[in-house]
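Here are a few exercises to help you find your way around a new structure. Try each one by yourself, then read the worked solution.

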Amino acid sequence: MSTLLTIEDLSVDLPVPAGVLRAVRGISIEVSRGEMLAIVGESGCGKSLTSLAIMGLLPKGATRLAAKLDFAGIDLAVIPDRKMADIRGERIGMIFQEPMTALNPCFTVGSQLEEVLVRHRGASRKQARDRAIELLEIVGITPAAQRLSQFPHQLSGGLRQRVMIAMALMCEPELLICDEPTTALDVTVQSEILSLINRLRRDLNMAVILITHDLGVVARAADRLAVMYAGQIVESGTVRDVFATPLHPYTQGLLACIPVPGRTAPGERLGSIPGVVPSIIGEARGCSFRNRCSLAFPACGEADIPSMPASHGGDFRCLLDERDLAHRVAAVGGSH
Amino acid sequence: MLLYILKRLFVAFLVAVTVSIVTFSLVRSAGDPAVAIAGPDAAQEDVERIRVQYGLDRPIIIQYGEWAGKAIRGDFGYSRFLNTEVSKVVLDRLPVTLTLGALSISFALLLAIPLGVLAACYPNTILDRIALTISVVGQALPSFWFALILMVFFGVHWSLFPVSGSSTMLHFVLPSIALGYYASPAIMRLTRAGMLEVLASDYIRTARAKGLLQGSILFKHALRNAVIPVVSVAAVQLGFMFGGSIVIETIFSLNGLGQLAWQSIHRADLDTMQAVILINAAMYIIATLAADILNAALDPRIRVN
């Protein structure tokens, strides 16, 4: 598999009344063609801003810094906005969390789908219409031709999200960024949308970045995962490895929050991590998780924690030894 | 959509009937029409004779029924001051006022909407401040003073436009600017506020994520949503303009409905007064009806309810 997207040392700063919010702090990720990378974290950890930074859609006032922001040989960090607009929707598609508000209420589903092809390929109305029907059928909306003349308010949330996916796929992008695509949907619909994204990824050999706070979603769909905390990636690796031996105390805490059939006794309390994600305003030193971590010791607050390679090929950002951390999981897992 | 229009038409008709009843009773209760016709110095017997002769001694409901029956056929009575039928006078004045109103609202929209969009695209910058200044000045200037200033510079000093009368379209340029500029601040502020809100919405982010160009995002996706409240306000202003502006029509010597309204009130010319008020109300009703239909065309969600 060839690498499609390489991000090195990406930072996003947001001006807030209290100072400068360091929303993303030096994250590095790689995504290969056809691969699904999940970025996992709580609300406010910077995962959505990471995706907007890739798209060049950061809110006004935000600054983006990156040592490398390479997409298929194009340096997204220096590309002018007009050129970036050519890439958006054509080579990188994106779908959002809120299907209820992400579609323009004043235009038909058809016109919102068609304009993507007209914009990027200079397609005729007829060609764009045919492609829109084709894609609605691919995402499982029938009768497609009839739906084209409907308005967003006439569709359910699940259907709207399918329309969003169809819209993002009009030009068969090489990379699809899904920002919490299933969060606003019913559980049964969530599962359908997820299967759909996964099927399309295989059919089109499309890379997917899946942004979510739901580890269940990650376990079902993704190949690799990166756990984000307070703007940093604290652990990454393949889904199989990280789920089997989570190393970072935060990842361990997250996994302890999920009930496991057969292992979690009925009525048993699920794990939880006390406290909330801190917002890093201004300079910060040390591990940002230390105040919520049961293993923290004085050195955690003294210097920045480097990312360490793990034996299974991933990375983790903790001062403790990998073997001690892995051992702890076994112990914690046993007590549950 | 057709059902929606029919429903709105029916409501508009009911409003027109109500307005005609209210104006009829108001005009009758404001003063004794028999005295007005006979004149202030007339003898009591003459007033009584006129009252019987004109049927003013009958119950007001019957009088209204008679008036409404005629009005529906286009007969609004007779003006003894102008010595013609009221319908003729009104039809004579209406084109002047309609032209002035249509040009004024066009000027107001052409000035205010681009300014509002510009201000919303660059909020809190120098461009926004300039747009704000233009609109505040428009709101603060008395329209008669602004009209006179226009006259002095564009009419007298540079002799670019005629300043009096309504014989050519050029005669309408200065009055339309004066009347339109007065209406533009509300439209501009509303456009700016609407655009600011819409530009921060999820579907505009979607439009950007699709790679659409700035022009298409602003003028297709954003403006269509932002302009919906503007349509309603512009309609009210248009209704106001179609009623005739007494000040502007007087300054520029335009013989429109505004002047007619003022003259008829002045002379207690009841039939004319009543017709002018009714036309005025009808213009409001038509303008708001048009706005409702236009909004339903712009936003499909309005059609459903």
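**Exercise 1.** Find how many salt bridges there are between chain A and chain B, and examine one of them.

*Solution.* Keep in mind that this is a predicted model. Step one is the count: two salt bridges are found between chain A and chain B. Step two is an example: A:Glu115 and B:Lys210 meet through their side chains, with 2.7 Å from N to O. That lies within the 4 Å allowed for a salt bridge. Step three widens the view to polar contacts, where 14 residue pairs are counted between the two chains, both residues at pLDDT 80 or more.

**Exercise 2.** Describe the contact between the chains: how many residues take part, and which ones in chain A lose the most area?

*Solution.* Begin with the residues: chain A brings 28 and chain B brings 24. Next comes the area, about 2,200 Å² buried between chain A and chain B, with carbon and sulfur atoms giving 61% of it. On the chain A side, the most area is lost by A:Cys106, A:Phe107 and A:Glu115, together 26% of what that side buries. You have already met A:Glu115 as the salt-bridge partner of B:Lys210.

Now sort the residues by class: the side of chain A that touches chain B holds 16 nonpolar, six polar and six charged residues.

**Exercise 3.** Decide whether strand E9 of chain A is buried or exposed, and find its neighbours.

*Solution.* First check the residues one by one, taking buried to mean under 20% relative accessible area. Six of the six residues of E9(A), 207–212, are buried, so the strand is largely enclosed by the rest of the structure. Then look at the two faces: A:Ala207, A:Ile209 and A:Ile211 are buried on one side, and A:Val208, A:Leu210 and A:Thr212 on the other.

Finally, look for pairing. Strand E3 (residues 36–40) of chain A runs parallel to E9(A), with five bridges between them; here A:Val40 has A:Thr212 as its bridge partner. Strand E8 (residues 175–179) of chain A also pairs with E9(A) in the parallel sense, over five bridges. In that pairing, A:Cys178 is opposite A:Leu210.

**Exercise 4.** Work out which parts of chain A are tied together by the salt bridge of A:Glu42 and A:Arg292.

*Solution.* Start with the distance: the closest N and O atoms of A:Glu42 and A:Arg292 are 3.3 Å apart. Then place each residue. A:Glu42 sits in the loop between E3 and H1 of chain A, and A:Arg292 in the loop between helix H10 (249–256) and strand E12 (308–309), so the salt bridge ties together parts that are 250 residues apart in sequence. As for accessibility, A:Glu42 is partly exposed at 23%, whereas A:Arg292 is buried at 12%.

**Exercise 5.** Locate the salt bridge of B:Asp46 and B:Arg49, and say how the two residues are placed along their helix.

*Solution.* The side chains of B:Asp46 and B:Arg49 come to 3.0 Å, N to O. Both residues belong to helix H3 (residues 44–53) of chain B, and because they are three residues apart, about one helical turn separates them. To finish, compare their surroundings: B:Asp46 is partly exposed, with 30% relative accessible area, while B:Arg49 counts as exposed at 53%.

Definitions and conventions: Residues are numbered from 1 along each chain as its sequence is written. Chains are lettered from A and ligands numbered from 1 in the order in which they are written. This is a predicted model: local features need pLDDT of at least 70, side-chain atom pairs count only at pLDDT 80 or more; totals for chains, interfaces and linings use all residues. Side-chain values use heavy atoms; hydrogens and water are left out. Contact means heavy atoms within 4.5 Å. Buried area is the accessible area (1.4 Å probe) that two parts lose on being put together, summed over both. A polar contact is a pair of N or O atoms within 3.5 Å; within protein, one must be able to donate a hydrogen and the other to accept it, and residues adjacent in sequence count only if both atoms are side-chain atoms. Ala, Val, Leu, Ile, Met, Phe, Trp, Tyr, Cys and Pro count as nonpolar, Asp, Glu, Lys and Arg as charged, and the others, Gly among them, as polar. Buried means under 20% relative accessible area, exposed over 50%, partly exposed in between (1.4 Å probe, protein chains only). Helices (H or I, at least four residues) and strands (E, at least two) are DSSP runs, numbered from the N terminus. Two strands pair if DSSP finds at least two bridges between them.
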